[in-house]
Amino acid sequence: MESQNSNQIKNTYKKYSNDNGFIYHESVPIVAPEDSRLLFNISGGVIYQDELLGKKHAEEPKVASIQKCLRTDNMDNIGLSGRHHLLFEMIGHFMFYNCRESECKEEFIKFAYDFLTKEVGLDKSRIYTTVHPNDDITKQVWKKLDNSNLIMSDKNIFVSPYADKSSLRTEILWKNKEDKMIELWNLVFTQFDSKQVFENPSEFVAADSGASLERIVSAYEDKISNYDNSMWYDFIQDIKTNGKEVSEEKARRIADFTNTSAGLINEGIKPGKKVQPYMLRKMLRTLYEMCDEYEF
């Protein structure tokens with residue numbers, strides 16, 4: 001789904017990345033490569049998983065992307081929260097063991113924060129951040145950026161399922177007009193050669209991030225739900241005004257399943273009985289049942 005605002009933010013991010021030393025990479029296909037453990041690319045970070053785990057040398061030490069992603073593990077909940085979609089675009093930036101912890105965190109965090117506040121223009125007073133209580137360097141970086149809305153959370157860790165690596169995280173949250181905290185950007189620092197944080201620290205640090213484009217557009221337009229922002233609103237209204245009366249929740253689900261099915265078909269996937277074709281078949285069946293119920 002696209003809108004004038006989403007395209008403007010994407011174009012701004014591409015230029016901002018290159019201007020700040022992060023080489024911008026275009027999105028790769030939604031369908032994961034055959035040698036992947038995944039059916040679909042579920043985040044921007046999975047594209048660079050080997051580089052982030054130190055298994056592969058990165059030809060470019062700093063890159064950025066806006067990756068099309070597809071997650072099918074929450075299909076039954078689509079349309080409920082207003083924050084999650086099957087198919088979505090994830091803004092991200094990445095650093096691959098080219099600097100030590102302090103330098104990496106300062107550059108990486110400042111890049112994300114300045115993009116949101118200076119390029120997108122979000123109100124600083126409504127931005128909050130979560131930090132691990134023992135992550136002193138990240139706390140110092142945020143204070144240096146004059147963001148005092150810090151929330152301590154000992155859940156800000158990540159342990160790699162694929163290697164003896166663990167990470168500390170910091171999250172950028174947006175306080176919407178209902179005073180609810182919405183995660184905008186998740187920044188992860190792989191800095192321990194162990195599955196136990198603070199054990200066996202690496203000399204050099206890798207960093208990866210993920211931010212939902214849809215949520216950034218919602219924050220920019222000050223909308224409570226992604227489905228109310230300019231990327232989705234008109235499509236939802238068209239669904240609600242055709243056929244029988246359609247509830248808001250069902251209109252959202254029809255829109256989301258339509259967008260996802262079209263995205264897969266556009267990449268050459270056809271309905272079938274195995275792996276990705278089966279997932280498309282399942283989505284189309286669900287979509288047909290919903291549309292048939294409301295006599296579209």
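The exchange below concerns the pockets and nonpolar cores of a predicted model.

User: What makes a residue part of the lining of the largest pocket, and which residues are closest to its centre?

Analyst: A lining residue has an atom within 4 Å of a point of the pocket. In the largest pocket, with about 1400 Å³ of space, 50 residues line the space, and Ile 42, Ser 43, Gly 44, Gly 45 and Val 46 are the closest to the centre. Helix H2 (49–52) and strands E3 (87–99), E7 (166–175), E8 (181–192) and E9 (201–212) each give two or more residues to this lining.

User: How do you know how many residues of that lining are polar?

Analyst: Gly counts as polar under the classes used here, and with that assignment the lining divides into 19 nonpolar, 17 polar and 14 charged residues.

User: Which element gives the most to the lining of the second largest pocket?

Analyst: Helix H7 (248–266) gives the most, with four residues. This pocket, of about 270 Å³, is lined by 14 residues, and Met 1, Lys 68, Leu 87, Asn 259 and Gly 263 lie nearest its centre.

User: Why is Tyr 13 said to be in contact with Trp 185?

Analyst: Contact means heavy atoms within 4.5 Å, and Trp 185 is among the residues that Tyr 13 contacts once neighbours within four places in sequence are left aside, as are Phe 111 and Phe 115. Tyr 13 and Trp 185 also touch the most other members of the largest nonpolar core, which has 62 residues; helix H3 (residues 101–119) gives the most to this core, with eight residues. A second, separate core of seven residues includes Ala 58, Phe 94, Phe 96 and Ala 206.

Technical notes: Residues are numbered from 1 along each chain as its sequence is written. This is a predicted model: local features need pLDDT of at least 70, side-chain atom pairs count only at pLDDT 80 or more; totals for chains, interfaces and linings use all residues. Side-chain values use heavy atoms; hydrogens and water are left out. On a 1 Å grid over the protein atoms alone, a cavity is a set of points where a 1.4 Å probe fits but cannot get out, and a pocket is an open set with protein on both sides within 12 Å along at least five of seven lines; lining residues have an atom within 4 Å of a point. Grid points are joined across faces, edges and corners, and a volume is the space filled by probe spheres set on the points. A nonpolar core is a set of buried Ala, Val, Leu, Ile, Met, Phe, Trp, Tyr and Cys residues joined through side-chain atoms within 4.5 Å. Buried means under 20% relative accessible area, exposed over 50%, partly exposed in between (1.4 Å probe, protein chains only).
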